[in-house]
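Subject: Structure for you to look at

Hello,

Here is the structure I promised to pass on to you, and below it I have written down what was found in it. Please keep the view open while you read, so that you can look up each residue as it comes.

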Amino acid sequence: MPEINWLAIFPELTLALGAAAVLLVEVQWKPRASTLGWLAGWIVLLAAVFTVFQWVWAGDQLAAESTGRLVTFSGMFLVDGMAVYGRLALLGILGLGLAGAHGLYEALGRRAAEAIAITLLAAAGFSIMLSSNNLVLTFLGLEVGSIALYVLAGLTRERKGSDEAALKYFLLGSFASAMFVYGAALLYAGTGQFEILAIRDHLAAVIVARPAVIFIGLGLMLVGLGFKVSAAPFHTWAPDVYQGAPAGIVGYMAAIAKIGGFITLARIFVTGVIEYHATWAPVMAAIAALSMLIGSVVALVQTDVRRMLAYSGIAHAGFAMTGIIGGEIEGVLFYVVAYAVQLIGGFAVITAVSGPEGSASDLSEYRGLWRRNPGLAAGFALLLFGMAGIPLTSGFIAKFGVFSDVWATQPWLVILGVLTSVVTLAFYLRITVIMYMEGEEGDPIPARASTRWVVWIAVGLTILWGVIPGTLLSFVADAFAL
Amino acid sequence: MVAPGWYMALAAALFLVGALGLLIRRNALVMFMCIELMLNAVNLTLVAAGRALNDINGQVAVFFILVVAAAEVVVGLAIIVSIFRLRSTASVDELSEMKG
């Protein structure tokens, strides 16, 4: 009889059953989109309560076992600090994402229920992915999340940008998923194990006769996850998807894919195959360096704010990856969450300026934004400074964290990272200058209350984590104490 | 009996064919078929590895990948159909609203 601990998967169960509940409520009562949104919000809150409960409960249980993690479902599923931290981050982003997509859901009319259900399922998928101990389950979670994201990219499919974004994301995303699962299959062929912890023990105990199969497998998995987090040279889908998908949901899509992708990357490479650290670290360093260079330089010449944020996201993928290269996890955990919050806040501003369904956000739309909506302009500027890593924002602490992790082993990467950070500052400042120094009086831009809340929560967290980083760092530290 | 290694070599070849096809072909449907080919190559690898290792896990994993492939078909074909309705073509070269 396999040991089954239902409590371990309560948050995911809540999200999945909640998605079904949203659809059933829609069929039975046909409520307004905002009512369904509130229902989804309560479901997220319930899942978060379960996760916090897990944190406390698992903390007690693990302190007794002193293994640092609870393995259940016959070794398929893990509850450890990293999983709980990642889940809480995903749920927080999900809450912000639902609020930020409010306008989009209303515009979708009767299709809102499907959109909300798929929004919930995407988070459930990535949540399973980052708590999985079994590569097949990791793949399943990855696909549940990714397939939901393909649908979200094509929500406004009658618009030409959205359908194009959906197809590009679907083709390249499925390609990446196939790469990932082939990598997992080769790793299985090489070690005879699917379980990440078992692979770690196997590699530590046995000298593998033919490591080439394992190296190819690891390379393919790195490519697959690199696609998901939009690291160069696997980034080509990101600008088109960010630009073409409906504005209301892009921030959410990008943020949860980054959180899920990086925590899984850390789990597989740092927890699983740390034995081969000397082999994968240089490859990952090359990917990180290329991401930083391509992301920051190509962003300079963009004229669409969303493409600019996409390229900046590629640079950020490079920065976050430097945190993994040192074989540490704390830095990258802090980084992805700080960045995801900034990203979702930034896209909330874009939603307000270009409309929730829009498929383009030209820079010229932002001219004189501070006259037309001073609050949005100030919020956007602060979030952009946070992404640039100005001191007293969470971006600074995050960059400091990942760079100090890698300083001892690969100092050139830190120097490159600092230089490209300066380059990224140039285009963040460019948007700020356009908002504050150009343009004449224009019609005021109204922003819904939900959008304003998302922006101000994101700004608040960015500054809070920048001024008192302990508020998030202590969570990260707890993720390791467990 | 053919040694499992040959099956894995065949699977690697199929995977390469799929990957190259995806990069070279320009019809969304054919590109999609290439992805399915890649997933089936993975299945063949898993079955062969499970056989070589005398372990049931590899063969069980195949079912999961089959289900995922089916789910991808559902979403992928829907996206392609909706594109075809809007533009009367399934060639990815026509999909170039966005550049830069």
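I will begin where the two chains meet, with the side chains of B:R87 and A:D163, which come together in a salt bridge with N and O 2.7 Å apart. This pair crosses from one chain to the other, since B:R87 sits in helix α3 (residues 57-87) of chain B and A:D163 in helix α7 of chain A. Both B:R87 and A:D163 are buried. Please bear in mind throughout that this is a predicted model.

**The interface**

How many salt bridges does the rule find across the interface of chain A and chain B? The rule finds one there, and the number of residue pairs in polar contact between chain A and chain B is three. On the side of chain A that touches chain B, at least two residues each come from α6 (135-153), α7 (160-191), α10 (237-244) and α13 (305-325). Of these helices, α7(A) gives the largest share, 21 residues. Sorted by kind, the residues on this side of chain A are 22 nonpolar, seven polar and ten charged.

In terms of contacts, 39 residues of chain A touch 42 residues of chain B. The two chains bury about 3400 Å² between them, and 78% of that area is on carbon and sulfur atoms.

**Salt bridges**

Over all chains, the count of salt bridges by this rule is ten. One of them joins A:R87 to A:E12, with the closest N and O atoms 2.9 Å apart. Because A:R87 belongs to helix α3 (residues 81-100) of chain A and A:E12 to helix α1 (residues 10-29) of chain A, this pair ties together parts that are 75 residues apart in sequence. Are these two residues buried or exposed? A:R87 has a relative accessible area of 1% and is therefore buried, and A:E12 is buried as well, with a value of 5%. Please take care not to confuse A:R87 with B:R87, the residue that pairs with A:D163.

Another salt bridge is formed by A:R110 and A:E26, where the closest N and O atoms are 2.9 Å apart. This pair, too, links distant parts of the chain, as A:R110 is in the loop between α4 (102-108) and α5 (112-131) of chain A while A:E26 is in helix α1 of chain A, 84 residues apart. Here the surroundings of the partners are unlike, because A:R110 is partly exposed at 43% relative accessible area, whereas A:E26 is buried at 10%. There is also a network, in which salt bridges that share partners join A:E164, A:K168, A:D240 and A:R307.

**Aromatic pairs**

The count of aromatic pairs over all chains comes to 19. Why is the pair of A:Y150 and A:Y169 edge-to-face? The ring centres of A:Y150 and A:Y169 are 5.3 Å apart and their planes stand at 80 degrees, so the pair counts as edge-to-face. A:Y150 is in helix α6 of chain A and A:Y169 in helix α7 of chain A, so the pair ties together parts 19 residues apart in sequence. A:Y150 is buried, with a relative accessible area of 0%, and A:Y169 is buried with 6%.

A:W370 and A:Y436, on the other hand, form a stacked pair, with 6.1 Å from centre to centre and 10 degrees between the planes. Since A:W370 lies in helix α15 (residues 369-372) of chain A and A:Y436 in helix α18 (residues 411-437) of chain A, this pair ties together parts that are 66 residues apart in sequence. A:W370 is partly exposed at 34% relative accessibility, and A:Y436 is partly exposed at 32%. Finally, A:Y150, A:Y169, A:F170, A:W237 and B:F32 form one aromatic cluster.

**Two places inside chain A**

In helix α8 (residues 196-205) of chain A, the buried residues are A:I196, A:L197, A:A198, A:I199 and A:L203. Among the elements that cover them are β1 (69-72), β2 (77-80), α6, α7, α9 (211-228) and α11 (247-272) of chain A.

A:T72 is in strand β1 of chain A and is buried, with a relative accessible area of 2%. Apart from its neighbours within four places in sequence, A:T72 is in contact with A:E3, A:I4, A:N5, A:A8 and A:F77.

With best wishes

Note on methods:
Residues are numbered from 1 along each chain as its sequence is written. Chains are lettered from A and ligands numbered from 1 in the order in which they are written. This is a predicted model: local features need pLDDT of at least 70, side-chain atom pairs count only at pLDDT 80 or more; totals for chains, interfaces and linings use all residues. Side-chain values use heavy atoms; hydrogens and water are left out. Contact means heavy atoms within 4.5 Å. Buried area is the accessible area (1.4 Å probe) that two parts lose on being put together, summed over both. A salt bridge is a side-chain nitrogen of Lys or Arg within 4 Å of a carboxyl oxygen of Asp or Glu. A polar contact is a pair of N or O atoms within 3.5 Å; within protein, one must be able to donate a hydrogen and the other to accept it, and residues adjacent in sequence count only if both atoms are side-chain atoms. Helices (H or I, at least four residues) and strands (E, at least two) are DSSP runs, numbered from the N terminus. Ala, Val, Leu, Ile, Met, Phe, Trp, Tyr, Cys and Pro count as nonpolar, Asp, Glu, Lys and Arg as charged, and the others, Gly among them, as polar. Buried means under 20% relative accessible area, exposed over 50%, partly exposed in between (1.4 Å probe, protein chains only). Rings of Phe, Tyr and Trp (its six-membered ring) pair if their centres lie within 6.5 Å; planes under 30 degrees apart count as stacked, over 60 as edge-to-face and the rest as tilted.
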